[in-house]
Amino acid sequence: MSWNKVAVVGAGLIKFGELFEQSYEQMAAGAFTAALGAVDRGMDRSAVDAVIVATQRGSLWGQEGIGGNTVPSAIGLSGVPCTRVENACPSGSDAFRIGAMVVASGVHDIVLVIGVEKMRDKSTQEGLLARAAAGHPLYNRGETAPVLFAPFATRHMHEFGTTPEMLASVAVKNHHNGTLDPYAHFQSEVTVEQVLASPQVCSPLRLLDCCPQTDGAAAVLLTTAERAHEFTDKPVFVAGFGVATDHPYLHEKSTYVGLPATTMAAGRAFDMAGVGAADMDMAEVHDCFTITEILDIEDLGFVEKGKGGPASLEGETALDGRIPVNPSGGLLAKGHPIGATGIAQLTECWWQLREEADERQVAIRNGYALQHNVGGRGSGVSVVNILTRNA
Amino acid sequence: MKPVAVLGVGTAAPSLRLAAADVGAAWGSGGGRATVAVCDADEDTLTLAWRAAVDALAAAGVAPAAVSGLWWGTSRPPFAEGPSLAFLAGTLGLDRALDGALVSGSPHAGMEALAAAWDALAAGHADVALVVVSDALVPGLGTAGESSTGAGAAAVVLAPAEGATNGASPPARLVRRATRTVPALDRYRPDGGAATEDVYDGRLFREEVFLPLMAEVGAAVAGGDGNHPVTAWAMADPDGKLAGAVARRLGSPLASAPVQAALGDTGAAAPLLGLVEALAPAGAGTAGADGPRRVGTIGFGGGRATAVTVDVLRPVPGAAGVASLGPGRRASYVEVLRTRGQLEPMGEPIAMGVPPGGAAFVRGNVEMLGLEGARCRACGTISTPPSIHPTCVGCGGSDLEVVSLARTGRVQTFVVNQTMPPPFQAPLPLIVVDLDDGARIMVQGSPADAAELAVGDAVALSLHRYALERGVPVYGYKAFRRHDGGGGDVGTGAAAQEVAR
């Protein structure tokens, strides 16, 4: 039996992209407005009892110390309790998990979970490439974000014969899905040939194997399962969630063909929800790089270990495939504004379970959707949230 | 005064070679036929010193912990003011109760370091002395020095002759020494200056200052002992004419010409690099029928000159000749300007997150320079580095001992990074290495290996300068592909690099 103590009654995001014209505060206000507007029976913003903000790198918008508690004022909720969550790339999904626990605790009835990230206010070199020290701050200088995942591609190719074409097929699929998602940063198709002809960024990953740096914000409104029907006839429940950590640095991994944090987090979420991978109708997973999605679908149990490449190439994860993955376009096409990423993935799951995803709607058979992030210096943390429309 | 023996030697040359003709072409002058050795962006006087020292210790069969003093002579240490000697000691794993001194300020520093170590041993203040001489000077743009300034390092392990080799006669011993001082300004670098300046009339100084000074110190150590004439001389040769003239005046051949031709004027390293060449079997050779061969070396600079003679009784361990320094890679003049920091892009450099003067480096420097891990006494797992692992990554235990990590291993997985902000240059391999002692680390690799690197490759680690951060050198280890397949045992300095090449 799923947990189902908390429901999502509103969700929304702003169009992701290089939003030079919008401030961090304006992006936050846009996402909050979108989430409020999605509440079927309407919700006055004064109903919000508490705010949880996910921002991973305040440094990217130049206000290292205060990202988070500036949000209530910016969105017309000054005075409301607010806490910032930072947990690497899963910051948004962990903020959601914490928001659900806050609601379930009975302390706050209606909680806004909002993710906001300004990735482009600083130059590319100063942004995620900054300092080229994604690993230990004193060691491994020259480590940029792709270095955190490319070693897994090298080893996956070595052990399982995964090919560059298989990696490319993930980018092709997610860019296609992105053309169907009006919120996606990229709105154009790419071909396998284009991916393979794109410049090497960090071998074996090429430019189109990598997600862009994107500004964005997304928000969801949580309330108790009991009160959900005050706001909608189509609530989506939090069926379960799981978090797991792993040794944080790349040289400490027990394996280079999988991310153990993902497997552990998924196991906990499935146990809590009382379901398994086969029960999922779709998944929004962390595809910061093409190899990451291949690792994810194996680690989450959608395909056998080592088979993620062929499964992607053969369309098993397409919109009409056995297990549709990243119908929103994923991080690769929709973008990866870190704190907002998880919330935006959950918004996509919410739309899909409510069958409101227009052209990219997948078949909902069992009523379950899975959302996943993994990140940190060496994928040392993962969060999995499972949503259901089944009461 | 105890007699002092040479137990072993080591040498090192940087990776790049610059043709004087390329320099000449840039300035519209002749340039000449010379080739000089130049540091790549990740090499400097300290990394060269490290390689020579590691090999000298290995050749002498002396464990780092047995070294009682480190004397380092370099015209221009990596920190103008700062912990240069302590950093070098840290990279070598020397005992914290370390005697010795950093000598700098002119190319004469190499001979001053040798003399100081000799005196400490002779007086009984030290048991085993490690003398390292190195230089990688930056010549001023458009100066004659651009076509002659090289880079390199040499190291010698010295100990009292009595008892140093378990009863056997030592391979070589120091014999005589003489120094002269004259207050003449030659090459110099002012406070805050980035490059060494040649202000003198080279011909005038050669004829009127250096030639008589060097001949005088040479004659002072060569004379008075007719049974053992000096059979070969070694010395620095900044203009390609001086050394030959001094040797002719002293009446013995010049043994240092091959190393001078290969590397250029290596400054403070030149007298000992030349001496090592003279100690190599193909150089001055070993004891003949009439007793030991005697070789001499002369260093000068900063208005000082010192000559030292050495008796060679048998081949000196580690003296492998100029060929062992490797051919290097030909670099363009523009590439050399970049690696020397004389050609820099506009715009603000992107600072690293952690300032090198910060507490994180205080905690991390010893384990970074010495390449240490924390070995779990319960399960044997080695967690690296120790300062961020209060518990074992294998079993969670906290009974850990700090160990020095193996310097060879195999590639578990890797990437080649093509997109990084300055100062990093693509292609930069980043490699997860399974070390032969079971530890696992992630380090940078060599651009030269980028195209062919593969999972399972055997690699050897060596010390490099990762970055020059806020003007401060940051050092770490890099993994180089071994072309011997990883079967044989290798040292960790120049020898390992040669195997890697």
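Which residue in strand 8 of chain B is the bridge partner of V6(B)? Let's find out with a short tour.

This is a predicted model, in which local features need pLDDT of at least 70, side-chain atom pairs count only at pLDDT 80 or more, and totals for chains, interfaces and linings use all residues. Residues are numbered from 1 along each chain as its sequence is written, while chains are lettered from A and ligands numbered from 1 in the order in which they are written.

**Stop one: strands within chain B.** Select residues 4–12 and 172–181 of chain B: these are strand 1 and strand 8, antiparallel and joined by two bridges. (Strands are DSSP runs of E with at least two residues, helices are runs of H or I with at least four, and both are numbered from the N terminus; two strands pair if DSSP finds at least two bridges between them.) Here is the partner of V6(B): A172(B).

Keep strand 8 selected and add residues 304–312 of chain B, which form strand 11 and pair with strand 8 in the antiparallel sense over nine bridges. Look for L174(B), which has V310(B) of strand 11 opposite.

**Stop two: where the chains meet.** Now show both chains. The contact (C-beta atoms, placed from the backbone, within 7 Å) draws on 32 residues from chain A and 33 residues from chain B. On the chain A side, helix 4 (150–160) and strand 5 (200–203) are the elements that give two or more residues, and helix 4 gives the most, with five.

**Stop three: a pairing across chains.** Select strand 5 of chain A with residues 408–417 of chain B, strand 16; the two strands pair antiparallel over two bridges. Finish at C202(A), whose bridge partner in strand 16 is N417(B).

Note on methods: Two residues are in contact if their C-beta atoms, placed from the backbone, lie within 7 Å.
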